[in-house]
Amino acid sequence: MSWFGFGFNGFGQIVPRARGSVGVKVLFPERLECCDCDVGQTRVSRAEKDEQLPSGTEIRATWSRLAVLHRQTGDGHVCISGFVASPPNQNACTYVPATKGCHDALIGERYLTASFADKIECWDIGGLGSPPVWRMELTNTDAAALPLAPGGYAFPKTPFYRALSPQICAQRLALGAEHAVLLSTDGTVYTWGLGSHGQLGHGSVESQSEPLAVEVLRGLPMGDVAAGGWHSVCISAGGDLYVWGWNEAGQLGLPSRSLRAQAEHSSAGEGCATIPTRQEAAETQEGEGSEVFISIQAFPALLDLPEESEIKKMSCGSRHTAAVTCAGALYTWGWGDYGQLGHGAPRSSDQPLHVEYFTKEGLCVLDVVCGSWNTFVLASERAPSFE
């Protein structure tokens, strides 16, 4: 079982920049190396450990950093790679001693938050050796996963704690650039925050200061939610995928006018190959296509994946989306200029495309986590088939 990464590598968060063969763009999945950091009082090098991240690790990602939550030993801790101001080394993996014993972690561009059995603490990443900037004592040992906290949720900006209505029993919360998507225990989806790109799913571009149920989805129990920069995604209990919000880069998997314009510009140039837009694919199959493009989808829309695939996991980057099927296949779509779609080219797509690398390598995809401009995938070897 291994973690892979692809996409933006400007700070060495996927492949250490000391390895000069890999640049800012990682176009194909790269297996993540084991952390090379101080754990406790002993420095453990890669030569003394397996070369890949061990099972039991989880990934948290932002634009410039990768946080690895180690839980395989039962004594969790967090290591950070990428842009870390203290110590000033963009290539090293930094162990955060204050996280020793943590159960979960949440990372932002400036702050790191970790939950323990009896507390939640938050630190400024620019001074990880300093006392926490915020702390919350816990009395309920059954607290939900971050960013949820008793009575509300932790936020990677000030104020670090924000209350939720006691009428909402939350089981999962996803934070976008300026909006939030919450899944309650009864499968209802709530959204709030900035609504300028339809990312709240209420049929308008108005913002919402308090959680409001997405009426279109009422009566359809949902199993998971995710939030991108300005778009939102959820999975129904039956494995259907619903999308809404901004579609400028095709991140909803719906026809994008801007991608069509880019494709036409490229084809008018030197004939370089591009991933076809959904509209182009339809025209190829049906002749003259109807020019229907979607910039903002203000209501949730059901997105059909190839072969009527049932979805079990999904994640959103700033302007791209990734989904894992129950069969262990990975599909990606949206903005791909840094290779974050994993198709071997810095191209965008407004249709879900199968990432063939994992299938060709005989790997079953188990999980996916998107950073703003990159994608991280957990995969294991497929059991041999005797059919």
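1. Let's start at Y161, which sits in strand β15, a stretch covering residues 161-163. Please keep in mind throughout that this is a predicted model. Y161 has a relative accessibility of 27%, so it counts as partly exposed, since buried would require under 20% and exposed over 50%.

2. Who surrounds this tyrosine? Setting aside neighbours within four places in sequence, Y161 is in contact with W134, M136, A149, P150, G151, G152 and Y153. Two of these glycines are worth a look in your viewer. The side chain of Y161 comes to 3.2 Å from the backbone oxygen of G151. A polar atom of that side chain also lies 3.2 Å from the backbone nitrogen of G152. For the backbone picture, Y161 and G151 are ten residues apart along the chain, and their C-alpha atoms are separated by 9.6 Å.

3. Next, turn to the start of the chain and strand β1, residues 2-8. Seven of its seven residues are buried, so β1 is largely enclosed by the rest of the structure. With strand β29 (residues 374-381), β1 runs antiparallel and is joined by six bridges. With strand β2 (residues 25-31), β1 pairs over four bridges, again in the antiparallel sense.

4. F4 is a handy residue for following both pairings. In β29, its bridge partner is V377. In β2, F4 stands opposite R31.

5. Another sheet to trace is the open one made of four strands, in the order β5-β6-β7-β8, with antiparallel pairing. Its edges are β5 (57-61) and β8 (94-96); each has a single partner strand, so one side of each is left without a neighbour in the sheet. From one strand to the next, the twist averages 25 degrees.

6. At the β8 edge, the partner is strand β7 (residues 77-82), joined to β8 by three bridges and running antiparallel. If you want one pair to locate on screen, I80 has T94 as its bridge partner in β8.

7. Now for the charged residues. Side chains of opposite charge can pair when their charged atoms come close. Across the whole structure, a search finds twelve salt bridges. One of them joins R60 and E58, with N and O 2.8 Å apart. E58 has a relative accessibility of 24%, so it counts as partly exposed. This pair also belongs to a wider network of salt bridges that links E58, R60, R71 and D104.

8. Which parts of the chain does the salt bridge between E109 and R65 bring together? The side chains meet at 3.7 Å, N to O. The pair links distant parts of the chain, 44 residues apart: E109 is in the loop between β9 (104-107) and β10 (111-115), whereas R65 is in strand β6 (residues 65-70). The two ends also sit in contrasting surroundings. E109 has a relative accessible area of 38% and is therefore partly exposed. R65, with a relative accessible area of 5%, is buried.

9. One last pair to check is E137 with R135, a salt bridge whose closest N and O atoms are 2.7 Å apart. With a relative accessible area of 42%, R135 is partly exposed.

Note on methods: Residues are numbered from 1 along each chain as its sequence is written. This is a predicted model: local features need pLDDT of at least 70, side-chain atom pairs count only at pLDDT 80 or more; totals for chains, interfaces and linings use all residues. Side-chain values use heavy atoms; hydrogens and water are left out. Helices (H or I, at least four residues) and strands (E, at least two) are DSSP runs, numbered from the N terminus. Buried means under 20% relative accessible area, exposed over 50%, partly exposed in between (1.4 Å probe, protein chains only). Contact means heavy atoms within 4.5 Å. A polar contact is a pair of N or O atoms within 3.5 Å; within protein, one must be able to donate a hydrogen and the other to accept it, and residues adjacent in sequence count only if both atoms are side-chain atoms. Two strands pair if DSSP finds at least two bridges between them. Axes are lines fitted to C-alpha atoms, for helices over the stretch in contact, and angles run from 0 to 180 degrees between N-to-C directions. A salt bridge is a side-chain nitrogen of Lys or Arg within 4 Å of a carboxyl oxygen of Asp or Glu.
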